[in-house]
Amino acid sequence: MKIPLKPMDERILVKPMVEEEKKIGSIIIPDTAKEKPTIAEVIALGADIERENEKKPKLSEVLKVGDKVLHSKYGGTEIEWEGEKYLILSRSDILAIITK
Amino acid sequence: MKIPLKPMDERILVKPMVEEEKKIGSIIIPDTAKEKPTIAEVIALGADIERENEKKPKLSEVLKVGDKVLHSKYGGTEIEWEGEKYLILSRSDILAIITK
Amino acid sequence: MKIPLKPMDERILVKPMVEEEKKIGSIIIPDTAKEKPTIAEVIALGADIERENEKKPKLSEVLKVGDKVLHSKYGGTEIEWEGEKYLILSRSDILAIITK
Amino acid sequence: MKIPLKPMDERILVKPMVEEEKKIGSIIIPDTAKEKPTIAEVIALGADIERENEKKPKLSEVLKVGDKVLHSKYGGTEIEWEGEKYLILSRSDILAIITK
Amino acid sequence: MKIPLKPMDERILVKPMVEEEKKIGSIIIPDTAKEKPTIAEVIALGADIERENEKKPKLSEVLKVGDKVLHSKYGGTEIEWEGEKYLILSRSDILAIITK
Amino acid sequence: MKIPLKPMDERILVKPMVEEEKKIGSIIIPDTAKEKPTIAEVIALGADIERENEKKPKLSEVLKVGDKVLHSKYGGTEIEWEGEKYLILSRSDILAIITK
Amino acid sequence: MKIPLKPMDERILVKPMVEEEKKIGSIIIPDTAKEKPTIAEVIALGADIERENEKKPKLSEVLKVGDKVLHSKYGGTEIEWEGEKYLILSRSDILAIITK
């Protein structure tokens, strides 16, 4: 059963990945890193926002439900649903998409 | 009887949900969360504001009276009416809408 | 006799309401509130400002002389005229309009 | 003889009013006020600036030489000319115009 | 011989006026002033910049070489040429033009 | 095998260069430098973003995979993949491109 | 042999001038100056950026390789190439161009 949340505006709902799954993805976050990112799976996307001034691709064109992403560990709001942790992020919290 | 308040500009009047109702919604805010959101019910919406530069959906297209929302616990102004607590939020305080 | 002041630009002149009148409005500001709003009556409005980018309703379309408003207690400048206290607020200081 | 100064851009040259004149205007600034405004007379206006985005009335449409204004006591630069004190203010320092 | 400097963008090169010349101009900066301006002569102007949004007069329409100006004593960069001190200011450092 | 990451929006994935390779490039960062840049190789580019207001060349027109760049050592997020360190930078972190 | 660096976006690569050369230019930076500028020679220019809102001349219209400039000593990133020091500046770090 899916978590019943629609992110507001350009926010993104993600599920942090557990340690073992992070290794499968083969990307490691070094413990010595100044600013450590975190890996998560995209669960739901907010709305597409078009900006007149800054034409970046719409949210739904760059991210899909199921994508694995690296996100900044600062920012984001934690919630829990049926015993699992989730995060609500802003678009700017997402650093990169794992392409494999 | 309805609380006699019209939120100014793009503000939103909400009623924080009590503990028991929060469980029904099955979303739990972990006590260990860095930034804890709070669940509330939308009571009244302010005005729709169109922005030339940033075309996000109008407030009335994304939120309806009766919607349950997750909002940031920072920001918002508390008031009381007939023995019940209410909050006046800004649009950016709202993180997600509970869809079920 | 009316206080002889025309608020500059989008500012608003209000008269804070005394305790007894606040109860009539039946909205109570809890003493435990993090950010306490205050109730006041609109006495005079500044100018309507049209913004190309952010199309919010003009000041004169949302507020009228005589309206009771909730405003943030931060911001605003106090003055006194014929023994009564007044406040000059900015539009963004106004949180909601009491509709009854 | 007039003070020989043309305010730059949208600045305004004012002459602070002495205590006695303030009473004639019948507006009193309470000593207990959080943010105290000050009363002054407009002596010279800077240039009209048109803004594409934010259509507020031009400076010369809202203020005239001889107007009495309430201004924020923060901001403004003091100068002296022939034994009298003057202030150079920004438009945003002006809170209200005394209309009588 | 003229100082061989062209101010970059909308900057302005000025020569601070010595004490005696300040009195001729008959404008005195009180020692008790909160924010003291300084008097200087315009030596060279940077480029005219047109702004779509904020239509202020071009730099060359409001200032001419030889003008005496009041400027904020904060901001500005000091240099020396052939034994004389100069300042490079930004447009916003200039408060007023001495019109006589 | 290529690191499976697509930088989000206008971000850039780079691989910091080891000491020996830095000398080949013949650019040395002095130990006494106030703000030390770092040399890295471009591994993957994010999206091209067009801005209405500020027409700078698109990211893909100024940077190519394989380019060596000088970047500010502040900013950027470190990750590790198959035993090698990488950085995710913003466009504004890149100071110059090594042209040889 | 030229330093193999192309400044990114509107940045500028300069070579600080040694003491003796500074005197030839006859501009002296007083030791007592609050904010001391520094003299440097332009070595390479970044890209021309057109701004819709703020029409300043393009970088290549105001600066040429070989120009001597005064720049703010704050900002700028130091590098070294073949035993010589260089700086990467932003456009706003440049205060004036030495015209002789």
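Visitor: What makes strand β2 (residues 12-16) and strand β4 (residues 37-45) of chain G a pair, and in which sense do they run?
Guide: This is a predicted model, and in it β2 and β4 of chain G are joined by five bridges in the antiparallel sense. A pair of strands requires at least two bridges, so five bridges satisfy the criterion. Within β4(G), G:E41 is the bridge partner of G:K15.

Visitor: Why are β2(G) and β9(G) also called a pair?
Guide: Three bridges link β2(G) to β9(G), again in the antiparallel sense. As at least two are needed, the term therefore applies here too. One of the positions involved is G:I12, whose bridge partner in β9(G) is G:L89.

Visitor: How do you know that strand β6 (residues 54-55) of chain F pairs with β5(G)?
Guide: The two strands are antiparallel and share two bridges. The criterion is at least two, so this case meets it with exactly the required number. F:E54 has G:R51 as its bridge partner in β5(G).

Visitor: What makes G:D9 and F:K56 a salt bridge?
Guide: The closest N and O atoms of G:D9 and F:K56 are 3.8 Å apart. The cut-off for a side-chain nitrogen of Lys or Arg and a carboxyl oxygen of Asp or Glu is 4 Å, so the pair qualifies. Between chain G and chain F the count is two salt bridges. Residue pairs in polar contact across this interface number seven, with both residues at pLDDT 80 or more.

Visitor: Which elements give two or more residues to the side of chain G that touches chain F, and which gives the largest share?
Guide: They are β1 (5-7), β5 (50-51), β8 (77-81) and β9 (84-89) of chain G. The largest share comes from β8(G), with five residues. Sorted by class, this side has twelve charged, ten nonpolar and four polar residues.

Visitor: How many residues form the contact of chain G and chain F, and what area do they bury?
Guide: Chain G contributes 26 residues and chain F contributes 29 residues. About 2,400 Å² is buried between the two chains, with 56% of it on carbon and sulfur atoms.

Visitor: How do you know that chain G can be laid on chain F?
Guide: A turn of 51° with a shift of 0.1 Å along the axis gives an RMSD of 0.0 Å. The copies nevertheless use different surfaces, since 8% of the contact residues of chain G recur in chain F.

Visitor: What rotation superposes chain A on chain B?
Guide: The rotation is 51°, with 0.0 Å of shift along its axis and an RMSD of 0.0 Å. Here too the surfaces differ, for 7% of the contact residues of chain A recur in chain B.

Visitor: Why is the link of A:D9 and B:R91 called a salt bridge?
Guide: The closest N and O atoms of A:D9 and B:R91 are 2.6 Å apart. With the limit at 4 Å, the name is therefore justified. Chain A and chain B have two salt bridges between them, together with seven residue pairs in polar contact, both residues at pLDDT 80 or more.

Visitor: Which element gives the most to the side of chain A that touches chain B?
Guide: At least two residues each come from β1 (5-7), β5 (50-51), β8 (77-81) and β9 (84-89) of chain A. Among these, β8(A) gives the most, with five residues. By class, this side has eleven nonpolar, four polar and twelve charged residues. The contact as a whole takes 27 residues from chain A and 29 residues from chain B, and carbon and sulfur atoms give 57% of the buried area of about 2,400 Å².

Visitor: What makes β1(A) and strand β10 (residues 94-98) of chain B a pair?
Guide: Three bridges connect β1(A) with β10(B) in the antiparallel sense. At least two are required, so the two strands pair across the chains. A:L5 stands opposite B:I98 in β10(B).

Visitor: Why does the salt bridge of E:D9 and G:R91 join two chains?
Guide: The closest N and O atoms of E:D9 and G:R91 are 2.7 Å apart. E:D9 is in the loop between β1 (5-7) and β2 (12-16) of chain E, while G:R91 is in the loop between β9 and β10 (94-98) of chain G, so the pair joins two chains.

Methods. Residues numbered from 1 in each chain as written. Chains lettered and ligands numbered in written order. Predicted model: local features only at pLDDT ≥ 70, side-chain atom pairs only at ≥ 80, totals over all residues. Heavy atoms only, no water. Contact = heavy atoms within 4.5 Å. Buried area = accessible area lost by both parts, 1.4 Å probe. Polar contact = N/O pair within 3.5 Å; in protein donor to acceptor, adjacent residues only side chain to side chain. Helix = DSSP H or I, 4+ residues; strand = E, 2+ residues; numbered from the N terminus. Nonpolar A, V, L, I, M, F, W, Y, C, P; charged D, E, K, R; others polar. Least-squares fit on C-alpha atoms with pLDDT ≥ 70 in both.
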